[in-house]
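Here is a friendly walk through a protein model, with an eye on its charged side chains. Have the structure open as you read, and follow along residue by residue.

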Amino acid sequence: MNYHFSSRVPKSDVDPVGDILKIAGKPGIISFAGGLPAPELFPVTQIAQATAQVLQEKGRDALQYGSSQGIQELRNVIVDRVKLAGIHTDANHIMVATGSQQTLDLTGKNFLDKGDTVIVERPTYLCAVDVFKSYGAHFAGVNMDDAGMKMAELEQALIDNPSAKLIYTIPNFQNPTGRTMSLARRQKVAELAEKYDVMVLEDNPYGAVRFAGNSLPSIKSFDKSGHVIYMGTFSKILAPGMRLGWIVTETKLLSKYTMMKQSADLHTDNLSQYIVAKYVAMFDINRHIQSICKLYQKRERLMMNAIHKYFPSHVKCSQPEGGMFIWVEIPAIKDTQALFAECIKNNVAFVPGEPFYEDQGDPGNFRLNYSNMCDDQIETGIKRLGAVIKQMINC
């Protein structure tokens with residue numbers, strides 16, 4: 001039978017990233033590939049207690065249909081959380097989404113027609129590229145340095161693409177590079193958005209997981225014209241399986257998101273929303289986040305020390321102050337897929353850099369995740385990886 005798919009469905013069934021993660025997940029392989037939180041930190045016992053309280057106190061409400069915007073109790077929690085990013089708002093400006101991924105999808109639905117341009121960091125979150133591509137978007141990539149997107153290049157991209165619909169950015173501990181945008185550049189992004197009348201989607205999944213340096217206000221906190229949409233998630237500070245994200249924007253725009261969400265899934269899971277709101281009421285979520293930061297800092301240091309010990313001296317890598325990733329650049333490597341294949345033979349895995357680019361990308365770049373691997377396997381895995389790199393570049 002021939003299926004007559006829409007233009008949004010990929011023509012090919014090839015899923016290179018899925019194939020990489022499947023191979024990386026095989027038994028015996030030390031995997032730095034997945035962008036997964038540390039499961040040993042999931043507060044299982046406390047979530048169970050919160051769940052019991054919800055079912056006892058609000059069971060019928062939690063199991064019923066609910067508001068597309070999200071329950072009031074959880075939106076009030078989010079109001080308090082976004083204050084930490086310098087955003088002072090109220091529950092009427094917040095919608096609860098089914099994870100950050102749904103916010104990306106709803107943004108595509110709201111803003112993108114076939115042929116529209118999205119300006120992205122180079123490299124950027126690969127799933128965002130996939131979502132925006134599904135709505136027919138074209139991309140303009142802006143190069144980065146250790147302080148994030150280069151503002152001169154961003155402004156030039158806006159000049160070259162006067163009808164661009166969206167700037168997508170991850171200013172804190174960016175995926176995949178781990179870099180953090182400077183304060184001055186955050187202010188500049190907000191200024192450019194107003195100047196060129198383009199929306200900014202500020203994605204902040206990792207911002208609370210800071211273990212070094214000083215916290216910086218969000219781009220949204222500098223927004224005076226309503227051009228910045230802010231999105232966050234409980235996935236990295238509580239549990240990704242609960243699929244709870246959020247969006248903060250102007251009420252007129254929020255109503256469009258809410259209508260689009262209603263047509264997609266009616267509302268985010270009520271039970272999960274009530275559980276997280278109750279968890280925050282019963283327990284100290286900031287203390288829990290501190291435990292995440294402490295463990296991730298330890299693992300980042302273990303990985304970075306191992307990189308300095310076992311990688312060739314000319315290898316470049318990012319210096320994250322939080323989040324979950326280190327970005328590695330080895331210009332001498334001309335075929336990252338060949339490096340990946342050889343590493344799999346040696347029972348260690350990473351994610352090659354190419355899928356994170358809106359275009360072909362640069363060879364010799366790859367992402368390492370330190371949050372999900374046990375301490376005792378980090379040095380072993382990096383030692384294996386370093387040996388393969390040295391073998392491939394003959395040093």
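Let us begin with R185, which is buried, with a relative accessible area of 18%. The cut-off for buried is under 20%, so the 18% of R185 puts this arginine in that class. Please keep in mind that this is a predicted model.

R185 sits in helix α7. Leaving aside residues up to four places away in sequence, R185 touches D145, A147, G148, M149, K150 and M151. For a sense of distance, you can pick I378: R185 and I378 are 193 residues apart in sequence, and their C-alpha atoms are 34 Å apart in space.

**The protein as a whole**

Stepping back, the protein has twelve helices and 14 strands. Its C-alpha atoms fill a box of roughly 60 × 55 × 50 Å along the principal axes. For 395 residues, a compact globule would have a radius of gyration near 21 Å, and the protein agrees with this because its own value is 21 Å.

Of the 395 residues, 53% are buried. Among contacts with a separation of 6 or more, 76% are between residues 24 or more positions apart. On the outside, the protein exposes about 17,700 Å², and carbon and sulfur atoms supply 50% of that area.

The charges come next. There are 42 positive and 41 negative side chains, and the centres of the two sets lie 3 Å apart.

**Salt bridges**

How many salt bridges does the protein have? The count comes to 22. Three of them are set out here, with the distance between the closest N and O atoms.

| Salt bridge | N to O distance |
|---|---|
| R299 and E40 | 2.6 Å |
| R301 and E300 | 2.9 Å |
| D146 and R179 | 3.8 Å |

Take R299 and E40, whose closest N and O atoms are 2.6 Å apart. This pair links distant parts of the chain, 259 residues apart: R299 is in helix α10 (residues 285-310), while E40 is in the loop between β1 (30-31) and α2 (44-62). Is R299 buried or exposed? R299 counts as buried, because its relative accessibility is 4%. E40, in contrast, counts as partly exposed, at 45% relative accessibility. Both residues also belong to a wider arrangement, since E40, K298, R299 and D375 are linked in a network of salt bridges.

Now turn to D146 and R179, which form a salt bridge with the closest N and O atoms 3.8 Å apart. D146 lies in the loop between β4 (138-145) and β5 (148-149), and R179 in the loop between β6 (166-169) and α7 (183-196), so the salt bridge ties together parts that are 33 residues apart in sequence. D146 is exposed, with a relative accessible area of 63%, whereas R179 counts as buried at 13%.

Finally, the side chains of R301 and E300 meet in a salt bridge at 2.9 Å, N to O. What is the relative accessible area of R301? It is 38%, so R301 is partly exposed. E300 counts as buried, at 2% relative accessibility.

**Where to look on screen**

If you would like a short tour, start at R185 in helix α7, then visit D146 and R179, and end at the network that links E40, K298, R299 and D375.

Terms used
Residues numbered from 1 in each chain as written. Predicted model: local features only at pLDDT ≥ 70, side-chain atom pairs only at ≥ 80, totals over all residues. Heavy atoms only, no water. Salt bridge = Lys/Arg side-chain N within 4 Å of Asp/Glu carboxyl O. Helix = DSSP H or I, 4+ residues; strand = E, 2+ residues; numbered from the N terminus. Buried < 20%, exposed > 50% of the residue type's maximum accessible area, 1.4 Å probe, protein only. Rg over C-alpha atoms; globule rule 2.2 N^0.38 Å. Contact = heavy atoms within 4.5 Å. Areas by Shrake-Rupley, 256 points an atom, 1.4 Å probe, with all protein chains shown as cover. Lys, Arg positive; Asp, Glu negative; His and termini not counted. Charge placed at Lys NZ, Arg CZ, Asp CG, Glu CD.
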